[in-house]
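Subject: Structure for you to look at

Hello,

Here is the structure I promised. Please open it and follow along with the notes below.

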Amino acid sequence: MNEHITRAQPKRLRAPALGLNHPKIPASHYTSQERFELERERIFRRAWLAIARIEEVAEPGDYILSDLPTLSAKIIVVRGDDGIVRGFHNSCLHRGLALVREPAGNTSIFRCPYHAWTYGRDGALKALPAACEFPTVELGRDGLPPVHTAVWNGFIFVNLAKQPAQTLDEFLGLVGERFAEAPFSDYPHALQFVHDLDTNWKHIANAFTEGYHLGFLHKKTLPFVFVPENPLTDYHGVEIMGIHSANTVERNPNWRPSAPVMQFVAAAAMLSGSDAPTAPSIVDHPSMNLDRIPYVMEEVINIFPNMQLQVLGNGYLWYTYWPIGPDKMRWEIRMYLAAKPTSYREEFIAEHLIVASRDVMTEDSSMSVLQHEGLSSGGLEDITLGENEYLLRHFAQSLDEWIQRE
Ligand code: FES
Ligand SMILES: [Fe+2]
């Protein structure tokens with residue numbers, strides 16, 4: 001079936017229009033230990049980093065232990081009796097023991113197993129045996145080492161700088177304002193998986209900010225994004241917001257899977273617009289799809305340095321990229337759905353989504369590992385980014401700006 005559909009043409013935004021005129025990036029930015037250390041210290045130790053959703057610590061005493069492998073840090077995020085969500089290094093004030101070991105839970109106190117120093121849900125030291133032996137320590141005043149913590153639209157961010165140069169709202173700027181009301185909290189059911197990969201983290205980040213490869217690498221796994229009039233998947237509605245950005249990916253409404261059950265899966269789980277059965281869809285929120293194209297595959301939101309949201313018809317994906325070394329990274333993938341599946345049909349959809357996503361992600365991660373292998377050989381001085389790869393140029397420029405900033 002091939003009905004005729006009139007569709008907006010992509011605007012063919014190109015790098016020079018954004019002032020991004022330099023196509024070359026040194027290969028060493030993807031391979032050298034020195035560059036990794038600069039990124040760790042000047043970017044990851046200074047930027048606000050999203051680590052959790054507010055639903056994960058919904059009640060007083062709910063806590064999670066979040067791993068930030070780039071910074072070798074584990075952060076306790078806990079909701080206090082006053083409702084405030086706070087973050088602390090997982091380090092006992094006494095002799096530094098990592099006192100929380102469960103990934104999540106609910107507790108009235110945190111007690112260190114070594115000498116039983118005990119902390120409240122607000123991180124304050126409440127009790128210690130033989131307190132008179134520690135005249136410099138004061139109950140109530142002292143506690144777990146705090147981490148700057150703030151919440152934007154249900155996403156919990158931390159900042160490991162001693163004193164952040166910006167508040168979270170200042171850091172997010174226009175991207176924070178634009179998506180402040182986007183209804184992420186309507187999709188609380190999360191599935192999570194984690195990949196550790198032998199590649200530089202920026203290869204994975206770059207794979208999700210250009211559409212150029214979709215028609216080649218994902219020809220079989222993402223058939224619904226191929227729009228004949230837009231064969232290289234140019235983005236719509238691109239907006240650069242300081243160091244952050246967003247864009248819209250269109251989809252082909254004429255794509256019809258051959259098996260009826262697949263039609264249902266595609267319509268129910270992934271897609272938006274008039275042929276999707278459930279409404280309203282998150283991607284139809286007014287903050288999304290700036291060009292108001294009729295058929296949206298996803299709105300992509302890139303929050304510097306390591307967060308990407310892919311807003312789909314009936315849920316969203318949240319990617320987090322953690323550099324671990326020049327040649328190692330962790331990729332956290334979270335999928336959010338409106339509700340836990342309650343029927344076999346819904347369960348099938350959720351399982352199908354996971355499997356289908358895994359196939360696409362495997363294609364992307366394989367390319368990134370091969371990129372690392374190719375660059376490590378030492379033959380290339382630099383890589384070349386096309387004028388259609390403007391978001392990659394923008395990302396590279398933003399990283400350089402932060403590295404150069406004192
Ligand atoms: S190290 Fe925690 S109480 Fe001693
Ligand atoms: Fe891809």
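Along the chain, the donors of the iron ion (ligand 2) follow the spacing H-x4-H-x145-D. Donors are N, O and S atoms within 2.8 Å of the metal (3.2 Å for Na, K and Ca); water is not among the atoms, so sites may look incomplete. This is a predicted model: local features need pLDDT of at least 70, side-chain atom pairs count only at pLDDT 80 or more, and totals for chains, interfaces and linings use all residues. Residues are numbered from 1 along each chain as its sequence is written, ligands are numbered from 1 in the order in which they are written, and side-chain values use heavy atoms, without hydrogens and water.

Which protein atoms hold the iron ion (ligand 2) as donors? They are His213 (NE2), His218 (NE2), Asp364 (OD) and Asp364 (OD), 2.0 to 2.6 Å from the ion. The four donor atoms subtend angles of 55 to 155°, which makes the arrangement irregular. Irregular means neither tetrahedral (four donors, all angles between 85 and 135 degrees) nor square planar or octahedral (four or six donors, opposite ones over 155 degrees apart, all others between 65 and 115).

Histidine 218 and aspartate 364 are both buried (under 20% relative accessible area, 1.4 Å probe, protein chains only).

Now the empty space. The largest cavity is lined by 16 residues. A cavity is a set of points on a 1 Å grid over the protein atoms alone where a 1.4 Å probe fits but cannot get out; lining residues have an atom within 4 Å of a point. Thr209, Asn302, Ile303, Pro305 and Phe395 lie nearest its centre.

Best wishes

Note on methods. On a 1 Å grid over the protein atoms alone, a cavity is a set of points where a 1.4 Å probe fits but cannot get out, and a pocket is an open set with protein on both sides within 12 Å along at least five of seven lines; lining residues have an atom within 4 Å of a point. Buried means under 20% relative accessible area, exposed over 50%, partly exposed in between (1.4 Å probe, protein chains only).
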